[in-house]
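Thanks for coming. I will take the ligand site, then the two sheets, then two backbone details.

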Amino acid sequence: MNIKLEYKGIEQSKIESYQSLVLENHKLLNEKTGKGSDFLGWLDYKSSLDEQLLGSIKEIGEEIRDKADVLLVLGIGGSYLGAKAFISSMENYFDKSDSLEIIYAGNQLNSEYLVELLDYIEGKSVYVNVISKSGTTIETAIAFRILRKYLEERFPEDADRRIIATTDVEKGALRKLSDIKGYRTLPVPDDIGGRYSIFTSVGLLPIAAAGIDIDEVVEGLKAAIADFDNENLSENTAYQYAVIRNILYSEGKKIELFVNHHPKLVYLSEWFKQLFGESEGKDGKGIFPASVLFSTDLHSLGQIIQEGERTLFETFLNIEKPKNDIAIEEDENNYDGLNEISKFSVDDIDKIMLKATKEAHLEGNVPYIDLKVKQIDAYNLTYLMYFFMKACAMGGYLLEVNPFNQPGVEAYKSKMKALLKK
Ligand code: PA5
C-alpha cells in the first residue's frame, strides 16, 4: 500500500468490529448487487484502460500541446474537477513556460468571467475540450455555445477540428451536435458517474494535454485497483478510512475537515468534497465535507476548530517528500530571532506545525485521521484518488445510501428551468 493511515481519538476495537460488515459490502461492490450497481465501471476502469482509446487520447493531447496556446476545458462538477485537481497538483506554482495554458469554463454562470475570457484569448491559438455526459448541463452548454461561435468566427478554416467533445456515445444534445458538426469525440462510459470519471476520457484528455505522462497514471491506477480490492479490513487502508469516518459520524462528528498543507492541492480538496458530498449526502444522512489549508487557515479558522462546536474531525493529507525544500540560513544579526530554528528547513517546520496542530486539536476533542503519501507525482496522485473513490463507495454502503446517484442535484435545476420558461 502506498498510503499509510494512522488515527487518534478512535478505539481500535471499534474499527475491528466492522470486518464482517465490510466483507458484506465488499461483496455487494464486487458482485455488483448493491445500491447503484449500474455505476461501478470505475471499480476496474476496464473501458478506459483500452489501449486504442489511450492511444487516441495521447495523440489528441500531443496535437493540442503542439498547436494550441490555450486549452479551454468546459465542464462542471465531475466533468472538470478531477482534471483540475490533478493538473493543478502537478504543475509549478509560478513557472508555466513549459506547459500549455489550461483554462476552465462552463463551471458557473458568471458573465464577467466569460467576457474577460473572450478578451484574454484574442490573438491566441485556442482549442476547446467540452465535457458533458448528459450534454444538457446549462452552465457548460451556455459557455460552449458562446465559445463555439467565437471559434467559428476566429478560425473559419478549422474551428471544428479545434473542438473535442467528451460525451455519451449515443445520447444527448452534445452527441447530436458533435455528429452534425463532425467534432472528434471521446466517450464517457455509461457505467461511470461524473465524480468517479477522472480516469476516463473526461480527465485523461486534459491531463495528457497538460503534458502529464498517461502511462504513469495507468500504472498508478492498476496498482490501486489491485491493492484496494482486498476484503481484509486490517490490510485495506481505503476500507479502514471508510470505517473510521463511519464511527466518527456515529459519535456525532458530522463535519470532516480535509486538511492540506500544499497550496497546490487545494483543488484536490474541491474534488474530495464533491466525491464525498455527492456520494453520501442523501436520505437525511452524510458527513459534511469541508476543507482547510494549513497553516494558512490556522490564522483564520483555527479558532473555531480548536474551540467551536465539537462536531468536527480532521483528515490530514501529509506529503512526506516535497519536490523542493529550502534552508533557513543563520543570520549574523538575528534581529528576527530565527537563528534558534535555523537548523530546520522550511519543510521540517511545516511538518512540525502539522504535528503541533494535530496534538492541539486532539486536546480540543477533534479526532484526526492521518493519510501519508510519499510524494505527489502522476503515479501516487492517481493511486490516492482511487483510494478516496474506493473509501467513498464503502462509506456510502456503510451509511446504507446509494453512493452513485445524486437526486438532490436536480432540485435547483427544475426550479431554474421553470423560472427560465416564465
Ligand atoms: O458527479 C456528477 O454526476 C455531476 O457533478 C456531473 O458530473 C455534473 O453535473 C456535470 O454533468 P454532465 O457531465 O452531464 O454535464
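**Ligand site, sheets and two backbone details**

The shell around the ligand is made up of one nonpolar residue, nine polar ones and three charged ones. Please keep in mind throughout that this is a predicted model.

That shell holds 13 residues, and those that come nearest to the ligand are Ser79, Ser132, Ser134, Thr137 and Gln274. Two of these serines come with distances. In the side chain of serine 132, an N or O atom sits 2.6 Å from an oxygen atom of the ligand. For serine 79 the corresponding distance, again from a side-chain N or O atom to a ligand oxygen, is 2.7 Å. There is also a backbone contribution: a polar backbone atom of arginine 195 is 3.1 Å from an oxygen atom of the ligand. How much of the ligand's area does the protein bury? The ligand taken alone exposes 380 Å², and 87% of that is buried by the protein.

Now the sheets. One of them is open, has five strands in the order 3-2-4-5-6, and pairs them in parallel. Why do strand 3 and strand 6 each have one side without a neighbour in the sheet? Strand 3, residues 101-105, and strand 6, residues 184-187, stand at the edges with a single partner strand each, so one side of each has no neighbour there. On average, neighbouring strands in this sheet are turned by 20° against each other, ignoring direction.

Within it, strand 2, residues 70-74, runs parallel to strand 4, residues 126-132, and the two pair over five bridges. Leucine 71 stands opposite tyrosine 127 of strand 4. Helix 8, residues 201-209, packs on this sheet and touches strands 2, 3, 4, 5 and 6. The direction of helix 8 makes about 160° with that of strand 4. Serine 132, from the ligand contacts, has a number that falls at the end of the range given for strand 4.

The other sheet to show is also open and five-stranded, with the order 1-10-9-7-8, but its pairing is mixed. Here the edges are strand 1, residues 3-8, and strand 8, residues 288-293; each has a single partner strand, so one side of each lacks a neighbour in the sheet. The twist from one strand to the next averages 20°. Strand 1 pairs with strand 10, residues 368-373, in the antiparallel sense over six bridges. Leucine 5 has leucine 371 of strand 10 as its bridge partner.

Two helices on this sheet are worth listing. Helix 11, residues 266-280, packs on it and touches strand 7, strand 8 and strand 9, with a direction about 170° from that of strand 8. Helix 13, residues 346-363, touches strand 1, strand 9 and strand 10, and its direction makes about 165° with that of strand 9.

Last, the backbone. Which peptide bond is cis? The bond from phenylalanine 294 to serine 295 is cis, with omega near 5°. Serine 295 lies in the loop between strand 8 and helix 12. Asparagine 365 is not a glycine, yet its phi is positive, near 65°. That asparagine 365 is placed in the loop between helix 13 and strand 10.

Notes. Residues are numbered from 1 along each chain as its sequence is written. This is a predicted model: local features need pLDDT of at least 70, side-chain atom pairs count only at pLDDT 80 or more; totals for chains, interfaces and linings use all residues. Side-chain values use heavy atoms; hydrogens and water are left out. A residue is near a molecule or strand if one of its heavy atoms lies within 4 Å of it. A polar contact is a pair of N or O atoms within 3.5 Å; within protein, one must be able to donate a hydrogen and the other to accept it, and residues adjacent in sequence count only if both atoms are side-chain atoms. Accessible areas come from the Shrake-Rupley method with a 1.4 Å probe; for residues, only the protein chains shown count as cover. Ala, Val, Leu, Ile, Met, Phe, Trp, Tyr, Cys and Pro count as nonpolar, Asp, Glu, Lys and Arg as charged, and the others, Gly among them, as polar. Two strands pair if DSSP finds at least two bridges between them. Helices (H or I, at least four residues) and strands (E, at least two) are DSSP runs, numbered from the N terminus. Axes are lines fitted to C-alpha atoms, for helices over the stretch in contact, and angles run from 0 to 180 degrees between N-to-C directions. Contact means heavy atoms within 4.5 Å.
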